[in-house]
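Here's a quick walk through one model, starting with strands and ending at a chain-chain contact. Have a look before reading on.

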Amino acid sequence: MNAKTVFMGYTRSDLANLVVALLVALVVIPTVVQTDYWYSSILIPWLCLSLAAIGQQIVMGYTGQLALGAAGFMAAGAFACFNLILRVPYLPFPVALALSGLIAAAFGILFGLPSLRVRGIYLMVATLASQFFIIWMIDKFGWFKNYDTSGIITAQDILIFGKPFTSPFEMYLVVVVVVTVLTILAINMTRGSTGRNWMAVRDMDIAAESMGISLLRTKLQAFAISAFFCGVAGALFAFTYLKSLEPVAFDIKLSFKILFMVILGGLGTINGAFIGAAFILLFPVVLNSIGNNLFHGAIDATIISATEQVVFGALIIIFMIYEPLGMAKLWYNIKQSVRSRFAPRSELPRQRAT
Amino acid sequence: MMQARNFPIGDPILEVRNISLSFGGVKAITNTSFNVLRHEIRAIIGPNGAGKSSLLNCINGIYKPQEGTITLKNEVLDKISPNIVARKGISRTFQNLALFKRMSVLDNVLVGRQLHMSANFLQVAFQTPQARREERENRERCEEIVEFLEIAHIRDTPVGRLPYGLQKKVELGRALATEAEILLLDEPMAGMNVEEKREMCRFILKVNDEFGTTMVLIEHDMGVVMDISDNVVVLDYGKVIGDGPPDEVRSDQAVIDAYLGVAHD
């Protein structure tokens, strides 16, 4: 905060991070990664779920409202996008995406209403309603699925101004652009007065109110913006990863996954959303390949997959004991120790007197 | 206090009329009335449980008294929430510190500037020129406040890590940042040592003198109360038993019996 701002309130290191991230995403990865598997099974779902995790961060990490129902808003966004493209001719994909986010945001406001009365674990139970209601609504009324009886609807091709984006790499580009833009917007909000309002409500709501912050507006705003992020993430998830629309894909398990991403990644951090999503998504894949390569044939496959889950659960517990502030904090500590090893003495952050 | 003040004491700015507040069967405040004059420093004293904090909470809109009215600048504050009271120009600090613990000192003070910032979340998200200008101006204002309170060196530290005395200062800074006309200070000097108390008194007097802020403060240290306040209200069991200048209140028999006691020398 104290560091000098170079451009529009960003510090030099902010801009460096952005440049590095974009270089990696748009230059390094396309040249190194050649197989579709990496794009369609790892990078795309990781970015989509990171975006949903940012949504969960906003409502839970920044505003302190224990909400559980991110997957419900993702479903709302996904089916909104499907219906918009289906029913509105010549609608460019980015516009459909933004509108789906807005529709999800409307649901967010509706299901954020309990937060005005209940808090903590009770709010979590109340917000579960969104999860079940949205999925039920989509299943119940055939209109949302365009009266498709097979249960699985194929997502339309992504068309941006007439150009189709159908190969895994092209879809990856779409996802990278959307996620980058929305992440920057999220960072701006969390660093500005909007984010301060959220955090004030999180840390001490009565004091926030005494400073003139309306709890009603702030909480509902956080729910709406959170649902917007989840909605866009859900639409991207359905159109670029699943390539189909089925309510089952957005069940309570996905909501829990997003919740764990945020907690493991580090509450109240944006990079924690990305780190947490990577951990939850990739670690089972890593464990799986380790299991298959090490014990291939020696142990029954079902036992291996069960063991993976046990190891994964144990790791989460160990991790939470070791670093309760999440992986973003761990990452920060690593950066600090690297910096203090290489930086000249004078450039070290001053030990602040208290 | 002898020399002429920049802001001489004026008419009543805040009128508390026949306030009664009870929680179930427990009566916290009974039929209490008093006025706070513009630009004065008003102390509220009384034994523990006398209803002092409840009274501040009523003025601030956190509690809604069952009876009576509170009038701010001839406008009745009726059944409104703390954020609206804040908008009308009353800010406060809390007895047990109500800071935003995970936010930095400067961010805490910046929350106090919230009423002076009008950019909505879209303007903030897209960092429009207006949002950036507003952020910069309010940040500068807050830097001035932390300089004034001599806490600039810890401006980036999360307040949860600060010792108690400094947290008290941050809370005062946050209240000052609102530029409210009336500050309600709930035991601003509780738990401080003599030196810290003296410093806090200096800040309170300086703010009152420089900005003409009306102060209503709850304090137990009679030395402090006698030194800095213009008028004192004494509460006991939810009732006003004394109201007037410090010297007058000090020699009032009812007040001596209820709260001050007699010196043992």
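In which sense do strand 1 and strand 4 of chain B pair, and over how many bridges? They run antiparallel, with strand 1 (residues 12-23) and strand 4 (residues 67-72) of chain B sharing five bridges. Bear in mind that this is a predicted model.

Strand 4 of chain B also pairs with strand 5 (residues 75-77) of chain B, again in the antiparallel sense. Here's how the two pairings line up:

| Strands of chain B | Bridges | A bridge pair |
|---|---|---|
| Strand 1 and strand 4 | five bridges | B:Glu15 and B:Thr71 |
| Strand 4 and strand 5 | three bridges | B:Ile70 and B:Leu77 |

Strands 4 and 5 of chain B make a hairpin with two residues between them. In that turn sits B:Lys73, with a positive phi of about 45°.

Now for the interface. Chain B puts 44 residues into the contact and chain A puts in 34 residues. Together they bury about 3200 Å², 61% of it from carbon and sulfur atoms. On the chain B side, B:Arg102, B:Gln114 and B:Phe121 supply 17% of the area that chain B buries against chain A, more than any other three residues.

As for polar pairings, eight residue pairs are in polar contact across the interface of chain B and chain A. The salt bridge count between the chains is one: the side chains of A:Arg196 and B:Glu135 meet at 3.0 Å, N to O. Several elements of chain B each bring at least two residues to the side that touches chain A, including helix 5 (129-148) and helix 6 (164-177). That side of chain B splits into 23 nonpolar, ten polar and eleven charged residues.

Key
Residues are numbered from 1 along each chain as its sequence is written. Chains are lettered from A and ligands numbered from 1 in the order in which they are written. This is a predicted model: local features need pLDDT of at least 70, side-chain atom pairs count only at pLDDT 80 or more; totals for chains, interfaces and linings use all residues. Side-chain values use heavy atoms; hydrogens and water are left out. Contact means heavy atoms within 4.5 Å. Buried area is the accessible area (1.4 Å probe) that two parts lose on being put together, summed over both. A salt bridge is a side-chain nitrogen of Lys or Arg within 4 Å of a carboxyl oxygen of Asp or Glu. A polar contact is a pair of N or O atoms within 3.5 Å; within protein, one must be able to donate a hydrogen and the other to accept it, and residues adjacent in sequence count only if both atoms are side-chain atoms. Helices (H or I, at least four residues) and strands (E, at least two) are DSSP runs, numbered from the N terminus. Ala, Val, Leu, Ile, Met, Phe, Trp, Tyr, Cys and Pro count as nonpolar, Asp, Glu, Lys and Arg as charged, and the others, Gly among them, as polar. Two strands pair if DSSP finds at least two bridges between them.
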